[in-house]
Protein chains: 2
Amino acid sequence: MIELRFDPKKGIWAEKEDADRLRNNSFGEQKGDKLWLTPEEALYVVDLQNGQVRYGKKSLGFSDLLAEFARKEPRLMVKYNAYRDWRDRGLIIKRSFGSSKGNKRASHVKKYPAKEMKMPKAGARLVWDRTSAMGVIEDPEVSGRLFSDWWLGQVGVYKQERGSILKLNFFETVLLAEHFGLKVLDAETGKTITAKKIMDGVAEKREFAKTMYQAYEDWRLNGYIVKTGFKFGTHFRIYFPGASPTKGGSGDKWVHSKHVLHVFPKEEKLLISEWARAVRVAHGVKKTFILGMPKLTRKDYVDYPADFVAYRRKKVGKDWIRETPKDGARYLLAAVSEEEHIGGQELASLLKKAELMNLNLILSITDRETAITYYALNKINLKGAKYDYYEIEWMRP
Amino acid sequence: MIELRFDPKKGIWAEKEDADRLRNNSFGEQKGDKLWLTPEEALYVVDLQNGQVRYGKKSLGFSDLLAEFARKEPRLMVKYNAYRDWRDRGLIIKRSFGSSKGNKRASHVKKYPAKEMKMPKAGARLVWDRTSAMGVIEDPEVSGRLFSDWWLGQVGVYKQERGSILKLNFFETVLLAEHFGLKVLDAETGKTITAKKIMDGVAEKREFAKTMYQAYEDWRLNGYIVKTGFKFGTHFRIYFPGASPTKGGSGDKWVHSKHVLHVFPKEEKLLISEWARAVRVAHGVKKTFILGMPKLTRKDYVDYPADFVAYRRKKVGKDWIRETPKDGARYLLAAVSEEEHIGGQELASLLKKAELMNLNLILSITDRETAITYYALNKINLKGAKYDYYEIEWMRP
């Protein structure tokens, strides 16, 4: 049994042997002869460490404490649950006070290769069906080359060798018109249309079309093949430079993409559950999930709560032992719930905060039955990219 | 070679032997001595049936035709692509003119069992943390009973036998407060709070909370266990009446849910790709996807284009042969693209239209590289439900 004492004006603390036991287990903060606990630490001790709370002559239970603390502490059960789960894995987690500095290993930045896209002028006419956001090139020589050499568009029928018409989507059409001299005829007006006008037309109906295109262009101009990620529930799937629909990596087998790319505009707000759904599909098909976000300017940053710094394990001799505050933290941990929202701007701000603290960012998502899912975000280094990119990994601490 | 003739004032047609060949293959509509084709039929004949088009002395290609037709026919490439894919599977598909009547088999309505939820009064106090949208019951007798007998909330730690505190989410809290006499204490104010106030508080931050609750209640009051579907990327997972977290179906094994439930409010508009993502996760984990939607009133109905009626195969003797318009259609097929939007109201209107035509609804989704994914929607019969429910099945025609 561990005894805690509570006073609504002062807080909650332990004394003497109880304080020693808790301190040795990295709970609380010592001031004078008392070890002061945060609300989630106190709730944890009561819920799972056989703690008892005395308030004058009364004894308080978990729900009494919750009723006391939740008055001043927003989102307490969400934070408590994140805290509980990390602790339950035998690991240490502490409130973040913004000043903690981590021990981040440089290896967390992933370097992606880049190869400039050097393509001759397209030199053909494309007929653009605005209301379908799809265009057609009929010239068989140009169609064949765009498709075989650059995997732009789709000749004939997907994964079949039938038909010779090349169908291009709006990303491909804009890319070719903008960078490779493609002439586009607007079917509705019968006149030539510019890359900008095509994009403006799509953006009227499809929110965030320009942001999506920017990410598409970042990867395409770096030599990557970027196709729809529809079958994987994401915006794009990505093949590394050199892939083609006809020439496989080994032999003549179909090349499978290993990465999917999802774009998160800074103006967009998503339910955490929707955000997680996108990552989950990619994980289910064993692909690396890449999140793309516009770079923020100073005025874009917002203060989104990142509640905890978290520690993991280190190898000492042959054993893995848990790290303590002396080792420096590894992670900045943001506790969120399934039903809350996160915006592109907020996520980018969290990532920036983690970077400044020398920590990796983890989202700890508590679902409606208090199970936790963790996602770690690692920065990608892609040469000359206009946006920021992160690998998002499902993790088990 | 099939010869077609085009006149911008009249349309596109075939004559003589060419008309006979096309008519026998269920293309076009005969008027006098000409067989008139719809734009997508003409594009298909040119793209994949070796068709040639004469316009006076000129010869027109696929992209010329597209440029001619797209002027008056919105979303032509999306429709063409849906048409092409169904035809490519050796099956017949025709424009829907609203009056076609189908041959729908009654078996498409799925009946789900129902068992009234008869629970004694909860008789305990719950402390409600509004900003976490989560509450806590400490009374071990009540906690244990709610969890074991009704699988309401989560005792201690998910899938572990530790801790005794019951945590309830807002659906569960509202259900118990509304129907089973649970007393709820608002931690922030220290006062009792009603089911309605709890719901109103959640609805301020969580869009569509009331719509979600309604679906939750429909299934719960019919005896189903309804838990979060977070791990499967949907709103809820569902267990049939009788399931519990401790008593498995056979022996003492963990019961796996076989159904997930997603709620589509009529005011919500989703990108088709986002809508499909939700269905896709469920399919990936081999669960039946159930879509829940509020019932529409007369004024809610909108005219969302359902472009085609589609035919499949029938068994004649030992062979499966394709059905023709003489057999009556099976499906109302709506052609949409990855980048378009669909609202709850629009989908419900489509479902109503299909029902009135005696057809099953299929969404044919064309992705950015013209591959097609099909989803069929079958109505669910759930006793006394306030909403409409549909099973959504990925299908391959």
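**View 1. Polar contacts and salt bridges where chain B meets chain A.** Across the interface of chain B and chain A there are 42 residue pairs in polar contact, both residues being at pLDDT 80 or more; a polar contact is a pair of N or O atoms within 3.5 Å, where within protein one must be able to donate a hydrogen and the other to accept it, and residues adjacent in sequence count only if both atoms are side-chain atoms. By class, the side of chain B that touches chain A has 32 nonpolar, 17 polar and 25 charged residues (Ala, Val, Leu, Ile, Met, Phe, Trp, Tyr, Cys and Pro count as nonpolar, Asp, Glu, Lys and Arg as charged, and the others, Gly among them, as polar). The model shown is predicted, so local features need pLDDT of at least 70 and side-chain atom pairs count only at pLDDT 80 or more, whereas totals for chains, interfaces and linings use all residues, and side-chain values use heavy atoms, with hydrogens and water left out. Residues are numbered from 1 along each chain as its sequence is written, and chains are lettered from A and ligands numbered from 1 in the order in which they are written.

**View 2. The extent of the interface.** In this view 74 residues of chain B are in contact with 75 residues of chain A, contact meaning heavy atoms within 4.5 Å. Together the two chains bury about 6700 Å², 56% of it on carbon and sulfur atoms, where buried area is the accessible area (1.4 Å probe) that two parts lose on being put together, summed over both. B:F230, B:R368 and B:E369 supply 14% of the area that chain B buries against chain A, more than any other three residues.

**View 3. The rotation axis.** Chain B is superposed on chain A by a rotation of 180° with 0.0 Å of shift along its axis, at an RMSD of 0.0 Å, the fit being made by least squares on the C-alpha atoms of residues with pLDDT of at least 70 in both. That is the relation of a two-fold axis. Of the residues of chain B, B:V281 comes closest to the rotation axis, at 3.0 Å for its C-alpha. The same surface serves both copies, since 100% of the contact residues of chain B recur in chain A.

**View 4. Salt bridges between the chains.** Ten salt bridges are found across the interface of chain B and chain A, a salt bridge being a side-chain nitrogen of Lys or Arg within 4 Å of a carboxyl oxygen of Asp or Glu. One of the pairs between chains is A:E339 with B:R206, whose closest N and O atoms are 2.6 Å apart. Another salt bridge joins A:K231 and B:D367 at 3.8 Å, N to O; A:K231 lies in the loop between β14 (225-228) and β15 (236-239) of chain A, and B:D367 in the loop between β25 (360-366) and β26 (372-381) of chain B, helices (H or I, at least four residues) and strands (E, at least two) being DSSP runs numbered from the N terminus. A:K231 is partly exposed, with a relative accessible area of 33%, whereas B:D367 is buried, at 2% (buried means under 20% relative accessible area, exposed over 50%, and partly exposed in between, with a 1.4 Å probe and protein chains only).

**View 5. A salt bridge within chain B.** B:E339 and B:R368 form a salt bridge, with their closest N and O atoms 2.4 Å apart, and both residues are buried.
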